Amino acid sequence: PHLQTYAQRALRHKNPAANSFLRQSRGKSQILPSAWMSPPQKTFSPSSDVVGPFVCLVKTHIDIIEDFTPSLVAELQALSAKHDFVIFEDRKFADIDRQLVHLTNAHPVPGPSIITGLSSVGLPLGRGLLLLAEMSTKGSLASGSYTEAAPNETTAEEDFLVLTPGVGLDVKGDAMGQQYRTPREVVLESGCDVIIVGRGIYGKDPSLVDSVVAQAKRYREEGWAAYLARIKPL
Ligand code: UP6
């Protein structure tokens, strides 16, 4: 499936969240800022408004926003409608729980019950679940047979969307064990459909609008060029 275009995969994909996501990706292209790590609320929404036109998805860590209020959720939903991006809460569930956004994710470590539990709430609402089959951090234990077994926890033959964090063009890692690969590496070598970029876009200061926009465009162009190089010509 990863040699096909997003539009071709959308025609066949049964999962409503994946389907609308593949359609929505259109020419807008694949790039998303990660969560703004623990910023004040006044930074989160304006940043998402600035980056919104250039991304297909905004990833949040909503539980670490320092001055969180419920109005932030409404603001983000309004921005999602305005810019046509999907909201992905990077909750990394490892136990059965509820989901309120378009997409969330879970560690496959509990076995298929994590999927059964989350889908009993999410599927009727048309939500999607991503599985953390591997991680970008140095020394990750999610590798080898664990990574291979993760997609087998679902019973259906799925066209899995592959979302990849740990993407950067200028640095190779950080002091906490993060490891970066380029958009080209992850899209061409690892079948990535959507690159997840946090600090590569927002850098040290999300309020620097010009540089945030410039970086968002840069990553979008790099990701899109790699996608075009991967798909088979029609
Ligand atoms: N993330 C990873 N690696 C994983 C899974 N998730 O980096 O294997 C998440 C981090 C962060 C984002 O929690 O929100 O992706 C990466 O941000 P960065 O581009 O600033 O490193």
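Which elements make a right-handed β-α-β unit here? In this predicted model, the unit is built from β6, helix α7 (residues 183-189) and β7. Its two strands, β6 (residues 163-164) and β7, run parallel and are joined by two bridges. Across this pairing, Thr 164 sits opposite Ile 195 of β7.

Strand β7 is well wrapped, with cover on both of its faces. Val 194 and Ile 196 take one side, Ile 195 and Val 197 take the other, and all four are buried. That pattern fits a general rule: side chains in a regular strand alternate between the two faces of the sheet.

β7 also turns up at the ligand. The shell around the ligand holds 15 residues, and the ones that come nearest are Met 135, Ser 136, Pro 165, Gly 198 and Arg 199. Two elements, β7 (194-197) and α8 (199-202), each give two or more residues to this shell. As for chemistry, the shell splits into five nonpolar, eight polar and two charged residues.

Away from the ligand, a couple of backbone angles deserve a look. Most residues other than glycine have a negative phi. Asp 84 goes the other way, with a positive phi near 60°. Its place is the loop between α4 (70-83) and β3 (86-93), and the positive phi thus comes just after α4. Asp 84 counts as partly exposed because it has 15 C-beta neighbours inside 10 Å. The helix that precedes Asp 84, α4, has 14 residues and spans 21 Å from its first C-alpha to its last, close to the 20 Å expected at 1.5 Å a residue.

Lys 92 is another non-glycine residue with a positive phi, here about 50°. Unlike Asp 84, which lies in a loop, Lys 92 belongs to a strand, β3. How many other C-beta atoms lie within 10 Å of Lys 92? There are 13, so Lys 92 is partly exposed.

A glycine in a helix rounds off the picture. Gly 117 is found in α5 (residues 113-122). With 17 C-beta neighbours inside 10 Å, Gly 117 is classed as partly exposed. Its C-alpha atom is separated by 13 Å from that of Asn 105, which is twelve residues away along the chain.

How values were computed: Residues are numbered from 1 along each chain as its sequence is written. This is a predicted model: local features need pLDDT of at least 70, side-chain atom pairs count only at pLDDT 80 or more; totals for chains, interfaces and linings use all residues. A residue is near a molecule or strand if its C-beta atom, placed from the backbone, lies within 6 Å of it. Ala, Val, Leu, Ile, Met, Phe, Trp, Tyr, Cys and Pro count as nonpolar, Asp, Glu, Lys and Arg as charged, and the others, Gly among them, as polar. A residue is buried if 20 or more other C-beta atoms lie within 10 Å of its own, exposed if 12 or fewer, and partly exposed in between; C-beta atoms are placed from the backbone. Two strands pair if DSSP finds at least two bridges between them. A crossover is right-handed if, with the strands pointing away from the viewer, the path from the first strand over the helix to the second runs clockwise. The expected span of a helix is 1.5 Å times one less than its number of residues.
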